[in-house]
Amino acid sequence: MAAKTEQGNKSNKRKQITGPHSKSDTSPSKKPKLLQSKSSNPANKGLNKPFKSIKQQHPVKSHSGKLKTAGANEGPKSKRELRLHAKELAEARKKKRKKHYTLEQELALLWEKMRRRNIAKEDRSKLVSEALQKMKGKIPEIAGSHVSSRVLQTCVKYCTQAERDAVFEELRPHLLTLACNTYAVHLVKKMLDSASKKHLAAFMSSLHGHVAPLLRHMVGSVVIEHAYQLGNATQKQELLMELYSTELQLFKDLTLVKESRLIGLISKLGLQKGSVLRHMSSVIQPILEKGIVDHSIIHKALVEYFSIADKSSAAEVIQQLSSALLVRMIHTRDGSRVGLLCIKHGSAKERKKVIKGMKGHIDKIAHDQCGSLVLAYILSTVDDTKLLTKIIIRELQAILKELVLDKNGRRVLLQLLHPNCSRYFSSDDLVAFNLSIPSLSPKSESKVNPDSVLEAKSSEAKESCDDEAKSDLEATTAEASENASPSESHHLAEGGKKDPNVRRRELLVDSGLAENLIDACIESAGELLRSNFGKEVMYEVAVGAAGGILRPALDEKLDALHGAIATLAAQPKSEESGEEHVLENFHSSRTIRKLVLDCPSFASSLWKIALEGKCEMWAQGHSHKVVSAFLESSNSEVCELAKGELQPLIDSGILKLPETK
């Protein structure tokens with residue numbers, strides 16, 4: 001036992017004498033020798049810790065303002081002290097990294113004061129002038145900072161015209177560089193918004209030769225689009241023509257030619273069509289690959305590109321756009337036309353991709369003026385009604401009442417109820433439904449289809465200025481509608497192989513959309529009848545839609561709707577209620593009159609429930625149009641129904657029939 005303890009003590013002693021200061025250390029380890037050599041060298045005594053000695057010579061000012069020696073023995077720091085120390089280090093790094101860091105801090109303090117809403121104009125003007133004075137000569141350098149850019153935007157907004165001109169002149173040589181900066185781009189847009197005609201023209205001139213490169217830049221493209229929206233027709237054309245060919249990009253004088261259509265431009269300037277097509281492809285392809293498709297200038301360029309593209313080039317662009325990209329384009333006039341062309345000439349697979357890309361956005365598209373046109377065309381063209389029901393119809397059913405009362409949203413429903421009706425779609429919309437890509441259209445179509453005349457005339461009209469084009473389009477559409485039969489006008493937008501009536505029945509009746517629509521009309525009959533837009537949907541539903549497509553499947557529902565309208569008409573006049581009676585309201589009285597003339601079953605219900613024995617009370621005001629409609633009806637049964645009661649009112653002069661034109 002004693003032997004074991006002796007051995008243990010020896011082992012412990014070995015562990016204790018491993019330090020470098022032990023006299024009995026005989027091990028050949030490097031560390032003790034190195035330390036021993038350092039301590040034994042008297043020349044190194046003053047150079048053991050050089051950085052520590054430097055810090056001790058220069059005291060550091062803390063956040064609280066007290067001087068502290070960096071090398072002094074301090075206890076453990078609290079969390080607050082650590083945070084303050086880290087903040088001081090960060091401030092020091094920023095000062096070294098940013099040249100104008102102190103200036104930005106001063107400007108930020110001024111900005112917090114000048115952007116308040118409750119500040120006086122005089123005080124704000126003083127702050128703006130002070131800020132501009134501090135920035136003078138340094139504006140291009142600090143405009144790219146996220147702080148200074150905001151300060152400059154506020155200064156440009158509230159400064160005087162002289163100060164604004166000074167800022168513009170200082171920034172003018174650097175505007176193209178700033179246009180590609182993430183923060184400075186907002187300043188450039190603000191400068192353009194408040195620029196005079198002279199400054200705007202100068203900026204447009206500086207863009208020459210740089211339009212295509214900037215459009216390929218994610219940030220720079222925003223500035224080009226902003227300038228395109230602010231420019232007049234000539235300036236817009238100059239920006240656009242740079243995308244057409246290399247010659248137009250290099251020689252500015254060529255862009256002054258007054259020609260809006262690319263085809264006319266090629267013939268006027270003697271450009272080679274193949275060269276123009278190659279140049280436009282080199283410009284458009286990178287833009288589409290990057291997904292920069294939100295801008296109207298790109299939409300216009302694509303429409304012109306389709307007018308000269310060969311079969312393979314057009315098909316390639318359609319394939320690229322047949323995705324969720326197209327959804328981001330259809331909010332503009334030219335973008336919606338690109339969408340219509342992609343739907344018309346795209347394959348079934350490509351159409352499916354476009355429709356799937358719209359999933360979740362149907363509400364927004366339907367309420368948009370241009371987007372609703374594309375949605376209406378899809379419902380008139382695509383044969384896959386199951387896909388349409390699953391993606392489009394289901395989302396429309398959730399917002400039926402909003403759509404019926406919306407100026408643009410109702411057009412999607414009206415296209416199903418009464419396709420391509422000139423009462424609901426403008427002449428420009430009907431022309432857009434018939435647009436096509438020349439290289440992808442069958443050659444026989446131009447010979448056989450009478451609507452090709454409409455397309456040719458519309459293309460000629462677009463070559464002139466915007467006002468002339470509008471009048472030409474209206475004239476050609478009116479001429480085509482006079483010459484075309486009703487069946488031809490219904491066939492205007494049909495591009496699928498399925499029979500249009502079968503497609504409509506599947507989308508309206510089989511999907512349950514019509515039933516839900518009738519229920520919505522019954523529930524809000526009074527509101528819809530009095531509405532400027534809802535009355536049209538109410539009328540089309542009540543007559544059973546064009547061609548009577550809602551009958552006989554929904555006869556009971558339609559009878560219930562007729563009863564609901566008649567019940568509203570049967571209510572007595574009440575001055576206490578704020579709403580006008582449906583027979584005296586301007587919109588509702590005319591809608592009910594049309595229903596009496598066009599729907600005998602409704603006329604019978606209205607007479608029995610609301611008007612029989614009460615015609616004398618409604619023989620004056622707007623309501624007299626409803627009463628007199630019974631005698632104007634082309635249906636003999638309706639006339640006979642009311643003739644006995646109305647004839648004495650006519651003879652006595654109480655009721656006056658409208659003069660027939």
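**Salt bridges and a one-sided helix**

Let's start with a cluster of charges: Arg333, Asp334, Arg337 and Asp428 are joined in a network of salt bridges. Keep in mind as you look around that this is a predicted model. Across the whole structure, a search turns up 19 salt bridges, and a few of them make good stops on our way.

Next, turn to helix 33, which spans residues 500-510. Its buried residues are Arg503, Arg504, Leu507 and Leu508. Why do they sit on the same side of helix 33? The answer lies in their directions around the axis: they cover an arc of only 110°, and that places them on one and the same side of the helix. If you then ask what covers these buried residues, the list includes helix 24 (371-381), helix 25 (385-397), helix 27 (409-417) and helix 34 (513-523).

The two ends of helix 33 are worth a look as well. At the N-terminal end, Asp499 acts as a cap, with a side-chain oxygen 3.2 Å from the backbone nitrogen of Asn501. Just after the helix, Gly512 adopts a positive phi of about 90°.

Around this helix you will also find a salt bridge between the side chains of Lys498 and Glu506, with N and O 3.0 Å apart. Are these two residues buried or partly exposed? Lys498 has a relative accessible area of 24%, so it is partly exposed, and Glu506 is partly exposed too, at 23%.

From here, helix 34 leads us further along the chain. The side chains of Lys557 and Asp519 form a salt bridge, 2.8 Å from N to O. This pair links distant parts of the chain, since Lys557 belongs to helix 37 (residues 555-570) and Asp519 to helix 34, 38 residues apart. Lys557 counts as partly exposed because its relative accessibility is 25%, and Asp519 does so at 29%.

Our last stop is the salt bridge between Arg530 and Glu579, whose closest N and O atoms are 3.6 Å apart. Arg530 lies in helix 35 (residues 525-530), while Glu579 is in the loop between helix 37 and helix 38 (586-598), so this pair ties together parts that are 49 residues apart in sequence. The partners have their own settings: Arg530 is partly exposed, with a relative accessibility of 21%, whereas Glu579 is exposed, with a relative accessible area of 55%.

Definitions and conventions: Residues numbered from 1 in each chain as written. Predicted model: local features only at pLDDT ≥ 70, side-chain atom pairs only at ≥ 80, totals over all residues. Heavy atoms only, no water. Buried < 20%, exposed > 50% of the residue type's maximum accessible area, 1.4 Å probe, protein only. Helix = DSSP H or I, 4+ residues; strand = E, 2+ residues; numbered from the N terminus. Arc of directions from axis to C-beta. Contact = heavy atoms within 4.5 Å. Polar contact = N/O pair within 3.5 Å; in protein donor to acceptor, adjacent residues only side chain to side chain. Salt bridge = Lys/Arg side-chain N within 4 Å of Asp/Glu carboxyl O.
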